[in-house]
Amino acid sequence: MKDIFNPGLFEPRINEGKELAIMEKYNPYSGIKVQFGFSPDDNFFKTIFRIAQKGLVIQGWNDDCSDLRIPWNDIAGVSTYESFWSPLTLVINLKDGREGYIFFDNWSTTNTHIHLIRGISRIILAKIDEESE
């Protein structure tokens, strides 16, 4: 398993005001257009990612086109993945050893990715901490 998160994402020099502005613009509770896959080498599928009360939702992911729901207690943590085709990808590390790769595509700047991944990571880590209490 990878590191739970990339500590560089949480450096104090990153502007928290910009992070909040990005989180308001691309609201993960309402849904964000992404590409998702369980391997960085497989094809990613365009879908909607959102944060729900009980966990994460990947819209229409299952074979029957129903939503994939990942409960908070199934998530071990988050990390990031970088490759030549993706400036930064959020990785959801599951307790069963699988990893869900969320690529925020069609955005012009890496800073937008960084602020959004940082904000979403904070939410996920807080939620899995709440579940473990």
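Here are three short exercises on the structure above, each with a worked solution.

This is a predicted model, in which local features need pLDDT of at least 70, side-chain atom pairs count only at pLDDT 80 or more, and totals for chains, interfaces and linings use all residues. Residues are numbered from 1 along each chain as its sequence is written, and side-chain values use heavy atoms, with hydrogens and water left out.

**Exercise 1. Lay out the elements of the protein chain.**

Start by counting: there are two helices and seven strands. These are DSSP runs (helices: H or I, at least four residues; strands: E, at least two), numbered from the N terminus. Now put them in order from the N terminus, and you get α-β-β-β-β-β-β-β-α.

**Exercise 2. Work out how β3 and β4 pair, and which way the β4 side chains point.**

First, the pairing (at least two bridges found by DSSP between two strands): β3 and β4 run antiparallel over four bridges. Pick one bridge to check, and you'll see Gly55 partnered with Pro71 of β4. Next, follow the side chains along β4: Leu68 and Ile70 share one face and are buried, while Arg69 and Pro71 take the other face and are not. Buried here means under 20% relative accessible area, exposed over 50%, and partly exposed in between (1.4 Å probe, protein chains only).

**Exercise 3. Place Cys65 and say whether it is buried or exposed.**

Look between β3 (55-58) and β4 (68-71): Cys65 sits in that loop. Then check its backbone: phi is positive, about 70 degrees, even though Cys65 isn't a glycine. Finally, Cys65 counts as exposed because its relative accessibility is 59%.
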